[in-house]
Amino acid sequence: MRSLQSDIEQRGTRIFELVDKNPERLFSKAGLYQRLMALSMHDERFKTQLFRFVAVLPSLRRSSEIIQHLEEYFSDGDDGFHPLVGIGVHLARLTPWISAPMLRWNVSEMARQFIAGRNPDEVIGTLRKRQAQKIGFTVDVLGEAVVSEAEADEYAARYGHLLEKLAHETKNWIDPLGKNAELFPVVNLSVKVSALYSQMNPAAPGDAVAHLSTKLRPLLRHARDLGAFINIDMESYALKNTTLELFKTIFTEAEFKDWPHAGIVIQAYLRDSEHDLLNLIEWGRARGTRFAVRLVKGAYWDYETTKSGQNGSAPPVFLQKPESDANFEALTRVLFQNESVVTAAFGSHNVRSIAHAQALADELRIDRSRFEFQLLYGMAGPIKRALVEMGYRVREYCPIGELLPGMAYLVRRLLENTSNEGFLRAKFAENVPAKELLRDPRELIRPTAPRIGGPGRLDGSNQKNGASLHATPSDIFKNAPLVSFIYKDSQDKMQSALREARKRFGEKHPLYIGGEKVWVDNLTPSVNPAEPSEIVGYGTEAGIDEAERAVKAARAAFEKWRWTPFEERAQLLERAADILEHRRYELSAVEVFEVGKPWSEADADIREAIDFCRFYAQQMRRLGRPKLTQQVPGEESYHHYWPRGVAFVIAPWNFPIAILCGMASAGVVTGNAVIMKPSEHSIICGAMLMQVFEEAGVPPGVLNFLSGHGSVIGAHLVDHKDVDLIAFTGSREVGLKIWESAGITRPGQRELKRVICEMGGKNAMIVDADADLDETIMYSIYSAFGFQGQKCSALSRLILLEENYDRVVERLIPAAASLRIGNPEQPGIMVGPVIDEAAYRRILDYIEIGKKEAILAYQAKEVPPHGYFIPPTVFTDVKPHMRIAREEIFGPVLSVLKVRDLDEALEVANGTDYALTGGFFSRSPDNIERIKARLEAGNVYINRSCTGAIVGRHPFGGFKMSGSGTKAGGEDYLLHFLVPRVVTENTSRHGFAPEQSPEYRDEFLWPKPRQ
């Protein structure tokens, strides 16, 4: 009996023989395109620049713009590109009126290799040619991730029209094999769910399923009536679980339960794909009706590994290509073993994978007419023809649409074709021997592979949070991963934490002074801004007496804490970080109720607090050891730091745990004694942070907690002679008062007060003429309206070049109109309530000012009847001098300004009192460099949101009236809590001196700590 491997080799060899009878280059288009693709396979930097140029080209309207971008991408004199590139750029510059149209034509031709047609009429012609070649089709509408419900409705209509057109034009077509044709309707439509709902959120699968079902049902009814097949495509990992849930939900409904002509995709490069497939098969058996699965390797590998690397979490994909190939074969066996309930379609260009499916089907006695092979349009033509000749059913995946919305698809195809590990490149470009290409992929898996992020299972159960945390060397800081609400386990934990937090509504929280809980008669209620009748809890209201007691306790504790080794102080912060991690869902739930943060925003706040503790612990280890200033014979000079004394920390409510923790932990780890005061609106969050440090073992008096009115205890402590440092984050009005007051030397004051002052912003984002509008709209909407615009970093001014003003506004307004507004206790909400009634009325007043100054382009009409909900609002025709363009509003209000060019855009962006965050959307390398150099902001963001700074990665803080120039979460932040000191010793004795002094020495501590 022949082994499976030998059968695979025989079948694979036969496919290669047929392929070689009608050879075809990897890139079927000849000329310049052929040369560029060949060059890109041998020069990774050129490939990157080429694909970026290809991506931007459709958005360029003038020949001059095309040539400008060509020069910017390829004219670097030291780029090391092939001489062909330099010659091409030079010629293009000489004759732009000829070269620009030629470039556009070449990219269009490149796209035509992979895109079957621009519209239904064009694609029908292509499909007829394939029908003559005995190749079937599945058609997909290009475009992903719509930004508004208006766009989603357009896509739904296009799917319906396309389905009707395909059915009409192919009504007399027959299945090329004839046998088992009832399993494979001629008309096959692939649907991307991200094109049908703009507000998909992994944390809220129920909401997505409800909206998507409404869009899908009419399409499914129409398909059933026409005898067509609907396949639900799989996209990024974040949408996977929702897509699976949608498929199972809608095809379990009585209307569609008995309909067999529906399928879904399984991506073999996902680590949990086998679990998903087995779950689907179990569901299918219970449903009692056949369904189909298209098995593919997966097309988003680069995206998934990049995202997981940014988050520090375990990648959901296999990191070695042979792992994906081996898993594909394992899933092939699962599909064939369950052939009685599932029809398999194998989507691969890899002859080894194809031959394996053929051999395994024969081994399991499955007729070749009961499954099919699917390959992409414009790729692997010889393989398709070989499979047809061998008597197998072949279907081509045919994208349809214009070049601009299809650009993401085109770039994925180019990446696939030029990948170092791609099968098509190996066979058709590099002529790797057939024997090597047909090897068992399990033999090619390396024992160890580099990990992106860290280890961990992908069901959310490996860690407390469904996030992968992993040990790191002490000298390398790694951010804590965000909780992944993709996983049901994480969703359930958050729901449970919210229920538990509700049970504790109305609890009273004490002050902490000198290690003791302190109660007084006055209590301050903290209410839920989404339901103001609900009291989340009560904070004890400190007065002047308690403030004085806290200063004395802190001063007394400082005299011992300052001499505590920095390692002990760092370990305290690390213990606090571990406790924050352990209580992560609990703390997030309190933030949802007390300050109205959506789930993901609340979790990000706790993650930031964890990061602050671990980052500052690491930084203190770096700063704590005295460092030699210079190597000088006979002398040692060591530079080191002392703490300043008593630090008073005043934190805002909008990042109620992160900012309070960041400033307090910085003070504690540097050896200061700290009095921390949360905002009156986030007393419960502050009290819980104090609990965390108590549990971590903070010594009595080193960290004291006062809740109360800023006008009473805040003003008193700012002026206090024994307070040496004030760390403040909040409004400009209060910050400037603190700055002024701290400059007055009080009787008995021993130190000049140091003030760390972080205030507000009037943040601008500029949109260049060549910007990617999908990214622009998505990030602008989030930056302006995420957490109701209640971030000092939030987008307030969107500055548009007049060239693209209409195009951006045309998509911006429907996107704003599509936002989910509601109680953030529910998952997937982006816009919740503002913090209190005063803020509510102030923001409404600004909206009235805006109506008089500018044009009200959009204002949401439906908001919850209870709570402090402000409708997302967009003003257009805003001028730089208007109040809504100059004053901080701190709410969901966006001003859109029109400018002539980038010169004026910079002038407008820089023309305010603030300099906190700023952003720029562009694909012009030169313009990007210009903005990096000239935009006045403490944090400048290019082609991304202007909010969401991450500790260590994006040190945060501004200048001008946004702050004193400090950078929270940066390497120099702790220096503001310290006094520098240099100790110099003459080490020469009678002309004799040590040859060399150590670069670092132990701390200056006396008495010396016992070892």
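Two strands count as a pair here if DSSP finds at least two bridges between them. Keep that in mind for the close-ups below, which are all taken from a predicted model.

**View A. Strand β2 sits between two parallel partners, β1 and β3.** With β3 (residues 229–232), β2 pairs in the parallel sense over 4 bridges, and Asn188 of β2 stands opposite Phe229 in β3. With β1 (residues 136–141), the pairing is parallel too, over 2 bridges; here Asp140 stands opposite Ser190 in β2. In a regular strand, side chains alternate between the two faces of the sheet. So which residues of β2 cover each face? Asn188 and Ser190 are on one side, Leu189 and Val191 on the other, and all of them are buried, which means under 20% relative accessible area.

**View B. Helix α23 runs through residues 599–624.** From first C-alpha to last, its 26 residues reach 37 Å, close to the 38 Å expected at 1.5 Å a residue. Why call α23 largely enclosed by the rest of the structure? Because 21 of its 26 residues are buried.

**View C. The largest cavity holds about 160 Å³ of space.** Rolling a probe the size of a water molecule over the atoms shows where empty space is left. In this model the count comes to 7 cavities of 30 Å³ or more. The largest cavity is lined by 17 residues, and the closest to its centre are Arg569, His640, Tyr641, Trp642 and Glu1003. Strand β15 (635–643), helix α21 (566–582) and the α23 of View B each give at least two residues to this lining. The largest share, 4 residues, comes from β15.

**View D. Seven strands make an open sheet with mixed pairing.** Reading across, the order is β23-β24-β25-β22-β21-β27-β28. Which strands are at the edges? They are β23 (855–859) and β28 (939–942), each pairing on one side only. From one strand to the next, the twist averages 20°.

**View E. Zooming in on the same sheet, β24 and β25 are a parallel pair.** Residues 873–876 form β24 and residues 893–899 form β25, with 3 bridges between the two strands. Thr873 stands opposite Val893 in β25.

**View F. Helix α33 packs on the sheet of View D.** The helix spans residues 925–934 and touches β21 (763–767), β27 (917–921) and β28. Its direction makes about 170° with that of β28, one of the edge strands.

Note on methods. Residues are numbered from 1 along each chain as its sequence is written. This is a predicted model: local features need pLDDT of at least 70, side-chain atom pairs count only at pLDDT 80 or more; totals for chains, interfaces and linings use all residues. Side-chain values use heavy atoms; hydrogens and water are left out. Axes are lines fitted to C-alpha atoms, for helices over the stretch in contact, and angles run from 0 to 180 degrees between N-to-C directions. Contact means heavy atoms within 4.5 Å. The expected span of a helix is 1.5 Å times one less than its number of residues. Buried means under 20% relative accessible area, exposed over 50%, partly exposed in between (1.4 Å probe, protein chains only). On a 1 Å grid over the protein atoms alone, a cavity is a set of points where a 1.4 Å probe fits but cannot get out, and a pocket is an open set with protein on both sides within 12 Å along at least five of seven lines; lining residues have an atom within 4 Å of a point. Grid points are joined across faces, edges and corners, and a volume is the space filled by probe spheres set on the points.
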